[in-house]
Amino acid sequence: MNNTENKIESQQPLQGAGEVIIREAIQADCPRLMELVHELALYEKAPEEVTVTLQHFEEAGFGPNPVWKAFVAEVDGVVVGFAVYYIRYSTWKGSRMYLEDLIVTEDMRGKKIGKLLFDRLIREAKERGFSGMVWQVLDWNEPAINFYNKYGASIEAGWLNASLSREQLLNY
């Protein structure tokens, strides 16, 4: 499949009306995905933390060495949600799916779109033979925690996140 061709993977009736289409993201989706990234950052109270440009986002997903893959949920020709992941390697567990973001735009929540996206991720992890799937959830995000608990997810305590910014890397 090329970067501009939509490949519908599944169509499901939407609670209320219409249908939701779950498909792989294509490069043409990137501007809308970035809008949703900004919406998520606002929800997570960190809008200033989004520093990636659209050009970098597109290159990272659809350039010569893509590092992420995404599934989108589309209703009436509009992307209303997406799940982006990449492969991480654990020396203890092997190749695992790392779910970076799962978002459904606010006015479309409660219609099972997040479930359709998450179920598609689980199917992808099985098909690709990953040893598991991991992600982070903010400790105050009760709706997300409740969603993941419905899947029997293990939500671990005791790990602290560590990072170095681009500036820190350059200044070292």
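In this predicted model, K112 sits in the loop that runs between β5 and α3, and its backbone is a convenient place to enter the structure. The phi angle of K112 is near 75°, a positive value in a residue other than glycine. With a relative accessible area of 47%, K112 is partly exposed, because that category lies between the limits of 20% for buried and 50% for exposed residues.

A second loop residue invites the same kind of reading. D76 is placed in the loop between β3 and β4, and its phi, near 50°, is again positive in a residue that is not glycine. D76 counts as exposed, since its relative accessibility is 70%. A positive phi also appears just after helix α1, which is followed by K45, with phi near 60°.

From the loop before α3, the path leads into the interior. The largest nonpolar core comprises 23 residues, and those with the most contacts inside it are L99, L102, I113, L117, F118 and L121. Two or more residues each are given to this core by β2 (19-24), β3, β4, β5, α3 (113-127) and α4 (142-149), with α3 providing the largest share, five residues. For L121, once the neighbours within four places in sequence are left aside, the contacts are F71, A83, Y85, M97, L99 and M133. Apart from this core lies another, made up of 17 residues, including C30, L33, F57 and I103.

Helix α1 can be checked for its geometry before its packing is considered. Its 14 residues, 30-43, should span 20 Å at 1.5 Å a residue, and the end C-alpha atoms are indeed 20 Å apart, so the expectation and the model agree. The buried residues of α1 are C30, L33, M34, L36, V37, L40 and A41. Around the helix axis they cover an arc of only 160°, which means that they lie on the same side of α1. What do the buried residues of α1 pack against? Their partners are α2 (54-62), β3 (69-75), β4 (78-90) and β5 (94-104).

Strand β3 also holds a charged residue that deserves a closer look. E74 lies in this strand, and it counts as buried because its relative accessibility is 11%, while the limit for burial is 20%. The side chain of E74 is joined to that of R23 by a polar contact of 3.0 Å. Leaving aside neighbours within four places in sequence, the residues in contact with E74 are E19, V20, I21, R23 and V79.

Towards the end of the annotated region, N171 has its place in helix α5, residues 166-171. Is N171 buried or exposed? N171 is exposed, because its relative accessible area is 70%. The C-alpha atoms of N171 and R123 are separated by 42 Å, with their positions 48 residues apart along the chain.

A wider view comes from the record. An unreviewed UniProt entry carries the annotation "domain: N-acetyltransferase" for residues 20-172, and such annotations may be inferred rather than shown by experiment. Over residues 20-172, the chain in the model is 34% helix and 25% strand, and the end C-alpha atoms are 47 Å apart.

Methods. Residues are numbered from 1 along each chain as its sequence is written. This is a predicted model: local features need pLDDT of at least 70, side-chain atom pairs count only at pLDDT 80 or more; totals for chains, interfaces and linings use all residues. Side-chain values use heavy atoms; hydrogens and water are left out. Helices (H or I, at least four residues) and strands (E, at least two) are DSSP runs, numbered from the N terminus. The expected span of a helix is 1.5 Å times one less than its number of residues. Buried means under 20% relative accessible area, exposed over 50%, partly exposed in between (1.4 Å probe, protein chains only). The arc is that of the directions from the helix axis to the C-beta atoms. Contact means heavy atoms within 4.5 Å. A nonpolar core is a set of buried Ala, Val, Leu, Ile, Met, Phe, Trp, Tyr and Cys residues joined through side-chain atoms within 4.5 Å. A polar contact is a pair of N or O atoms within 3.5 Å; within protein, one must be able to donate a hydrogen and the other to accept it, and residues adjacent in sequence count only if both atoms are side-chain atoms.
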